[in-house]
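Could you work through a few short exercises on how this chain folds and how its helices pack? Each task comes with a solution, so try your own answer before reading on.

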Amino acid sequence: MLPITWLDGEELSFQKKLSSQLDQYWGLIKEIDIKDRPAEWDDIKITIKSLNKKIVEIINDEYKGYHSTAFMSLRTLLEDNRPNTYLHIKDSLIFYDLPEMTKTYRIRMFDFDKRKGVTFKDMFHIPFDKRGIVKTERFSMPGYPCLYLGKSAYGCWEEMGQPSVDNCMVSCLENQETIKLIDLRIPTEAAFRDRLKDYLIILPIIISCMVQVKNSTDVFKAEYLIPQLIIEWLIYHNKSEHDKILGVTYTSSAKNNSFGFPPYVFDNYAIPAVMGKKD
């Protein structure tokens with residue numbers, strides 16, 4: 001199913017598109033028959049169905065302009081672990097520790113005749129004193145800088161829309177310590193089997209984060225609503241919690257099989273910038 005793509009000429013609104021994909025996933029869930037643990041499986045199914053409904057409600061609230069309501073709804077999903085609510089997905093969240101000294105990549109585009117003066121500082125995220133030029137991105141809001149990295153330079157190139165390599169400059173970065181990330185990647189088969197229950201519950205969130213952008217020239221991109229709310233919650237979480245979650249790892253919605261590369265080359269990392277005292 002992933003990434004979710006738009007058919008040529010498809011007239012569905014984003015709300016109906018996402019709702020139909022969640023319904024498709026629910027249809028697959030209903031076909032599964034687990035005879036040895038029927039009671040537990042019933043609870044899982046109710047949780048998935050309730051989560052699908054809540055995601056649609058959050059999107060509808062955003063369309064109505066109720067951003068604070070949408071954020072509080074998502075915050076409740078990610079923080080509330082009260083039993084018997086069938087919306088306690090907190091314990092099903094999956095995290096990934098990016099090992100220290102992991103090589104990651106970043107691409108920026110420059111006019112060919114302006115590349116000579118570019119330094120490594122120009123390849124980092126946009127600084128806070130230039131936040132006025134920060135546009136909306138999948139996991140970041142307008143005006144708030146975020147560092148986007150890729151597992152491979154090729155994945156970054158696909159994420160950029162396959163630009164001319166003559167205008168690309170590439171940086172390789174290595175993190176100096178382990179970084180804790182929310183894991184929203186398409187799981188490998190081994191990972192899926194290892195945490196089957198958690199992935200079954202959390203997949204509606206992953207689906208909601210992997211809808212390709214229908215109109216790339218639009219200023220408002222509804223496909224970014226759920227990912228941006230997740231990052232907003234992460235920033236909110238980090239202001240008071242000792243257990244910092246520094247970002248998100250996710251599978252690029254530009255994932256394709258054109259060159260037969262293994263899936264991990266499409267792993268991305270989104271790390272919101274941290275404001276210092278001077279900011």
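The exercises below concern a predicted model.

**Exercise 1. The chain as a whole**

Task: Find how many helices and strands the chain has, and in which pattern they follow along the sequence.

Solution:
- Step 1. Start with the count: there are seven helices and seven strands in the chain.
- Step 2. Now read along the sequence, where the pattern is α-α-α-β-β-β-α-β-β-α-α-α-β-β.
- Step 3. Next, look at the radius of gyration: it is 19 Å, close to the 19 Å from the globule rule for 279 residues, so the chain is as compact as a globular protein of that length.
- Step 4. Turn to the outer dimensions: the C-alpha atoms fill a box of roughly 65 × 45 × 40 Å along the principal axes.
- Step 5. Finish with burial and contacts. Of the 279 residues, 43% count as buried. Among contacts between residues at least 6 apart in sequence, 71% join residues at least 24 apart.

**Exercise 2. H2 against H6**

Task: Decide whether H2 is roughly parallel or antiparallel to H6, and list the residues that meet.

Solution:
- Step 1. Take the geometry: helix H2 (residues 38-63) and helix H6 (residues 196-208) pack at about 10°, and their axes are 10 Å apart.
- Step 2. Angles under 35 degrees count as roughly parallel, so H2 is roughly parallel to H6.
- Step 3. Add the handedness: H2 passes H6 in a right-handed crossing.
- Step 4. Go through the contact. H2 brings Glu-40, Trp-41, Ile-44, Thr-47, Ile-48, Leu-51, Asn-52 and Ile-55, and these meet Lys-197, Leu-200, Ile-201, Pro-204, Ile-205 and Ser-208 in H6.
- Step 5. Sort these residues by class: nine are nonpolar, three polar and two charged.

**Exercise 3. H3 and its two partners**

Task: Work out how H3 is oriented to H2 and to H7.

Solution:
- Step 1. Begin with H2 and H3, which pack at about 155° with axes 7 Å apart.
- Step 2. An angle over 145 degrees counts as roughly antiparallel, and H2 and H3 are therefore roughly antiparallel to each other. Their crossing is left-handed.
- Step 3. In this contact, Leu-51, Lys-54, Ile-58, Asp-61 and Glu-62 of H2 meet His-67, Thr-69, Ala-70, Ser-73, Leu-74 and Leu-77 of H3. Five of the residues are nonpolar, three polar and three charged.
- Step 4. Move to helix H3 (residues 67-79) and helix H7 (residues 225-238): their axes come within 10 Å and cross at roughly 70°.
- Step 5. The range of 65 to 115 degrees counts as roughly perpendicular, so H3 and H7 are roughly perpendicular to each other. H3 passes H7 in a right-handed crossing.
- Step 6. Here His-67, Ala-70, Phe-71, Leu-74, Arg-75, Leu-78 and Glu-79 in H3 meet Leu-229, Ile-230, Glu-232, Trp-233 and Tyr-236 in H7. By class, that contact has eight nonpolar, one polar and three charged residues.

**Exercise 4. Four residues, one by one**

Task: For Asp-8, His-67, His-125 and Lys-151, say whether each is buried, partly exposed or exposed, and find its surroundings.

Solution:
- Step 1. Asp-8 sits in the segment before helix H1 (14-31). Its relative accessibility is 81%, so Asp-8 counts as exposed. Lys-214 is 206 residues away in sequence, yet the C-alpha atoms of Asp-8 and Lys-214 are 9.7 Å apart.
- Step 2. His-67 lies in helix H3 and, with a relative accessible area of 35%, is partly exposed. Beyond four places in sequence, His-67 touches Glu-62, Leu-229 and Glu-232. From His-67 to Leu-229 there are 162 residues in sequence and 9.2 Å between C-alpha atoms.
- Step 3. His-125 belongs to the loop between strand S2 (103-109) and strand S3 (146-150). Buried means under 20%, and His-125, at 18%, counts as buried. Leaving aside neighbours within four places, His-125 is in contact with Arg-106, Pro-145, Cys-146, Leu-147 and Ala-273.
- Step 4. Lys-151 is in the loop between S3 and helix H4 (153-159), and at 27% relative accessibility it counts as partly exposed. Its contacts beyond four places in sequence are Thr-102, Lys-103, Tyr-105, Tyr-264, Val-265, Asp-267 and Tyr-269. Lys-151 and Asn-268 are 117 residues apart in sequence and 6.1 Å apart from C-alpha to C-alpha.

Definitions and conventions. Residues are numbered from 1 along each chain as its sequence is written. This is a predicted model: local features need pLDDT of at least 70, side-chain atom pairs count only at pLDDT 80 or more; totals for chains, interfaces and linings use all residues. Side-chain values use heavy atoms; hydrogens and water are left out. Axes are lines fitted to C-alpha atoms, for helices over the stretch in contact, and angles run from 0 to 180 degrees between N-to-C directions. Helices (H or I, at least four residues) and strands (E, at least two) are DSSP runs, numbered from the N terminus. A crossing is left-handed if the near helix is turned anticlockwise from the far one by less than a right angle, and right-handed if clockwise. Contact means heavy atoms within 4.5 Å. Ala, Val, Leu, Ile, Met, Phe, Trp, Tyr, Cys and Pro count as nonpolar, Asp, Glu, Lys and Arg as charged, and the others, Gly among them, as polar. The radius of gyration is taken over C-alpha atoms; the globule rule is 2.2 Å times the number of residues to the power 0.38. Buried means under 20% relative accessible area, exposed over 50%, partly exposed in between (1.4 Å probe, protein chains only).
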